[in-house]
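This report goes through a protein model one feature at a time. Keep the sequence and the structure in view while reading.

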Amino acid sequence: MRTQRIEYDDSTTRAFIAASIVFGVVGMAVGLLIACQLVWWQLNFEVPYLSFSRLRPLHTNAVIFAFVGNMMFAGVYYSTQRLVKARMASDLLSKIHFWGWQAIIVAAAISLPLGYTTSKEYAELEWPIDLAIAAVWVIFAINFFWTLAKRNEKNLYVAIWFYIATIVTVAVLHIVNSMALPLSFTKSYSAYSGVQDALVQWWYGHNAVAFFLTTPILGIMYYFLPKAAGRPVYSYRLSIVHFWALVFMYIWAGPHHLLYTALPDWAQSVGMVFSLMLWAPSWGGMLNGLLTLRGAWNKVREDPVLKFFVAGVTFYGMATFEGPLLSIKSVSALAHYTDWIIGHVHGGALGWNGLMAAGMFYWLVPRLYGTKLHSTKAADAHFWLATLGIVTYMVAMWASGINQGLMLLATNPDGTLQYPSFVETLLAIRPMYIARALGGGMYLVGFGLMVWNLRKTAASGKAVNGEAEVIIEAKAAGTFTAWDVLKGRPLWFSLVALAVLLAIAFASAAVAVVLMIALFVLGEAAYLLSRADKRGGKPSWFAIIEQRPFAFTVLTLIAVLVGGLAELLPTLLVKQAVPHAGVAQTPYTPLELQGRDIYVREGCYTCHSQMVRPLTAETRRYGAVSRAEEFIYDFPFQWGSKRTGPDLHRVGGRYPNAWHYTHLVDPRATSPGSNMPSFAWLKESKLPKDSARPKLMVMQKLGVPYSNGDIDTAEQVQRAQAEAVVTDLAGQSISLAPDSEMVALISYLQRLGRAQGVPFDGSKTKVAGPVPAGEAQP
């Protein structure tokens with residue numbers, strides 16, 4: 001045994017903090033701009049790169065991956081070194097991680113406004129950037145686990161558990177959801193289509209929130225909150241329950257984003273049930289954080305750091321109460337596709353993540369520069385601006401969402417719609433949109449105040465790295481073996497419990513009751529045995545795996561994969577999940593496929609859904625309920641998650657070509673009061689030459705039944721259909737070239753919800769088919 005003085009690598013922490021603050025300003029400023037665009041459409045400036053639909057993905061990616069991501073890495077690097085009493089294993093890997101992540105963010109900031117997008121929410125970046133994300137994440141993981149292997153602290157503290165869960169789960173989510181077939185360096189198509197793509201995407205989307213915005217920030221909470229309060233964590237046992245319950249349950253909850261859609265009912269029900277169950281572990285973590293302040297609440301009045309931490313944890317509790325509430329089907333019928341969801345998301349991102357980030361920055365920066373915080377009063381002012389700003393934002397969005405949801409679902413006694421025009425709802429909620437912009441502006445002003453305060457703080461000191469005297473112990477022979485892990489009662493109890501729960505799902509009511517009683521008895525027996533072991537001086541099973549990072553990581557991965565495989569595999573592998581029979585399955589024509597790519601590029605999915613739910617008001621407003629078999633050739637799916645405009649799945653044939661042209665050039669001419677930006681630039685934009693054939697070849701590889709003859713004649717068929725559209729528009733004194741992108745987009749819109757779009761000479765293709773019953777004729 002000997003002592004050694006080590007110097008921590010805090011330069012990486014300082015770099016990540018600086019990047020988080022810079023990108024936080026950018027992401028929030030873009031968010032304020034698009035919030036104002038929804039009130040004043042003129043702020044789109046009729047410039048494609050500044051349109052709401054292209055900037056919204058930039059805003060979400062900047063806030064999630066640039067602001068919160070860099071903040072999360074700063075907290076992980078700082079706390080991990082001190083918790084394991086070892087410097088990060090490789091300074092080189094730390095630098096590659098930092099600069100690689102910033103390069104990814106810059107690539108996203110350039111590519112998204114240019115329209116290079118996959119359209120998958122929180123995963124819009126194209127395949128070269130996806131590969132870079134995977135590479136940089138692996139470098140981060142290697143450095144992290146290498147540091148654990150070199151640790152001088154035997155046990156893994158609770159914050160490390162959450163970091164481990166984050167690293168392994170984000171890797172799985174990113175790889176599965178990013179599977180795609182490239183067409184070019186800037187364009188690819190999802191490997192999944194329709195219902196399957198929707199399930200995979202929201203399995204990823206929900207759990208990206210869980211394991212990128214929640215678990216690592218919980219780890220940061222478990223380290224920095226006790227440090228700032230000068231108190232130990234309230235309950236170690238509660239932290240164990242919180243971790244394992246959260247990791248296991250979260251992964252099942254994704255389908256609650258797809259309630260009342262064409263997703264199989266069993267998947268929707270599973271998502272709802274597990275979302276409701278998440279209330280318990282989420283609030284257990286919140287209470288564990290707040291109760292850590294027992295005996296230290298007097299400090300909250302004086303210390304801005306604790307103010308931010310307490311408010312952040314409280315917003316976490318609010319968000320994790322609201323999430324399960326929104327997963328209840330009857331609530332989702334009202335709230336889904338409305339601004340209520342936007343308020344919920346921002347309560348988590350700005351309330352939970354944003355306030356925790358501010359608290360961590362105010363605590364860290366003075367220590368990283370060997371000085372004191374420049375202005376406590378400015379930090380207090382930031383706290384109140386941020387808190388009042390996000391509360392204003394959330395209340396405005398709650399009011400907007402409930403108001404719009406009720407208006408869209410309202411029907412008269414005779415079954416007709418009380419508010420037949422979608423624009424009526426937009427005009428009704430416009431004051432709430434102004435309030436949302438004001439709340440976001442307050443939050444941004446507070447953030448700017450923090451930037452000034454931290455810059456002055458850093459300037460008053462100089463960069464210093466933390467140091468510590470560490471006791472280096474000789475590596476003893478393994479006290480515990482892998483067998484001790486495998487024979488642990490909690491592991492076997494979990495496996496038996498899973499088997500019993502699976503049996504309950506398929507059993508009769510009487511058998512299910514018996515099995516539930518047996519499960520209760522088994523649990524009580526396991527608890528009594530564990531207490532007997534403790535009285536006998538034996539270490540608990542968890543204490544054993546807490547000293548074995550590899551075993552801990554494997555068990556965490558298994559807990560995550562159980563839910564993921566149980567949900568995804570049946571839908572991905574069983575053909576019956578998505579019937580390949582019936583109408584509306586004919587592939588898109590080459591021109592319609594071109595138009596669909598333009599629809600994706602321009603971000604139309606950010607404001608329009610393509611999913612008519614089985615609700616009376618929706619079928620009255622939009623048409624027949626959407627069916628799973630209608631999306632089997634949609635790579636990727638376009639169901640959307642927010643309706644700033646009406647659903648488009650049954651829009652095909654409802655309006656003439658000239659109406660679509662006028663609507664795209666001047667939305668107010670066809671829909672007075674609309675806040676949709678103009679897409680007039682599509683008139684002059686031209687389709688790339690000879691681009692139809694390669695697209696059909698990629699689609700053929702993905703399973704779309706294009707014949708080789710269809711591929712060979714793709715360019716001729718595309719031009720024939722384009723000329724049919726151009727001829728029709730010419731009759732309305734509208735002149736467009738056949739290769740205009742406007743023509744392609746109109747063709748795609750006319751195809752939606754129908755087996756055949758714009759009629760043309762079909763002798764060269766096999767796309768023609770009957771129009772489904774009950775659909776509007778062109």
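In this predicted model, Ser740 caps the N-terminal end of helix α29, with a side-chain oxygen 3.1 Å from the backbone nitrogen of Met742. The helix itself runs over residues 741-751. After α29 comes Gly753, whose phi is positive, near 80°.

How many of the residues of α29 are buried? The count is 11 of 11, so the helix is mostly covered. Among the buried residues are nonpolar ones such as Met742, Val743 and Leu745, but Glu741 and Arg751 are on the list as well. The cover over these residues includes α22 (590-601), α24 (657-665) and α28 (714-730).

**Salt bridges**

The structure holds 25 salt bridges. Three pairs are set out here.

| Acidic residue | Basic residue | Closest N to O distance |
|---|---|---|
| Glu121 | Arg56 | 3.2 Å |
| Glu592 | Arg751 | 2.8 Å |
| Glu630 | Arg650 | 2.7 Å |

Glu121 forms a salt bridge with Arg56. Glu121 lies in the loop between α3 (91-111) and α4 (127-149) and Arg56 lies in helix α2, so the pair ties together parts that are 65 residues apart in sequence. Both Glu121 and Arg56 are buried.

Glu592 forms a salt bridge with Arg751. This pair links distant parts of the chain, with Glu592 in helix α22 and Arg751 in helix α29, 159 residues apart. Glu592 counts as buried because its relative accessible area is 1%. Arg751 counts as buried because its relative accessible area is 4%.

Glu630 and Arg650 meet through their side chains in a salt bridge. Both residues lie in the loop between α23 (616-622) and α24, so the pair ties together parts that are 20 residues apart in sequence. Glu630 is buried, at 9% relative accessible area, and Arg650 is buried, at 5%.

Salt bridges also link Arg54, Arg601, Glu602 and Glu741 in a network. Glu741 is also one of the buried residues of α29.

**A buried threonine**

Is Thr425 buried or exposed? Thr425 has a relative accessible area of 0%, so it is buried. Thr425 belongs to helix α16 (residues 422-459). A polar atom of the Thr425 side chain lies 2.6 Å from the backbone oxygen of Phe422. An α-helix has 3.6 residues a turn, so residues three or four places apart point the same way. Leaving aside its neighbours within four places in sequence, Thr425 is in contact with Gln404, Met407 and Leu408.

**Strands**

Which residues of strand β4 (residues 467-472) point to the buried face? They are Ala468, Val470 and Ile472, while Glu467, Glu469 and Ile471 point to the other face and are not buried. Strand β1 (residues 2-7) pairs with β4 in the antiparallel sense over six bridges. Within this pairing, Arg5 has Glu469 of β4 as its bridge partner.

A further antiparallel pair joins strand β2 (residues 180-184) and strand β3 (residues 187-190) over four bridges. Leu181 has Tyr189 of β3 as its bridge partner. β2 and β3 form a hairpin, with two residues between them.

**Surface and loops**

On the surface, a nonpolar patch is formed by Phe45, Tyr49, Leu50, Val106, Ile110, Leu114 and Tyr116. Together these residues have about 630 Å² of accessible area. Leu50 lies in the loop between α1 (11-37) and α2 (52-84). Leu50 has 33% relative accessibility, so it counts as partly exposed.

The backbone has some unusual angles to look at. Most residues other than glycine have a negative phi, and most peptide bonds are trans. Glu46 has a phi near 50°, a positive value in a residue other than glycine. Like Leu50, Glu46 lies in the loop between α1 and α2. Glu46 is exposed, because its relative accessible area is 51%.

Lys85 is not a glycine either, but its phi is positive, about 55°. Lys85 is found in the loop between α2 and α3, and it is partly exposed, with a relative accessible area of 31%.

Where in the structure is Pro636? Pro636 sits in the loop between α23 and α24. The peptide bond from Phe635 to Pro636 is cis, with omega near -5°.

Definitions and conventions. Residues numbered from 1 in each chain as written. Predicted model: local features only at pLDDT ≥ 70, side-chain atom pairs only at ≥ 80, totals over all residues. Heavy atoms only, no water. Patch = residues over 30% accessible without salt bridge, like charges linked within 9 Å, V, L, I, M, F, W, Y side chains within 5 Å. Areas by Shrake-Rupley, 256 points an atom, 1.4 Å probe, with all protein chains shown as cover. Salt bridge = Lys/Arg side-chain N within 4 Å of Asp/Glu carboxyl O. Buried < 20%, exposed > 50% of the residue type's maximum accessible area, 1.4 Å probe, protein only. Contact = heavy atoms within 4.5 Å. Polar contact = N/O pair within 3.5 Å; in protein donor to acceptor, adjacent residues only side chain to side chain. Pairing = 2+ DSSP bridges.
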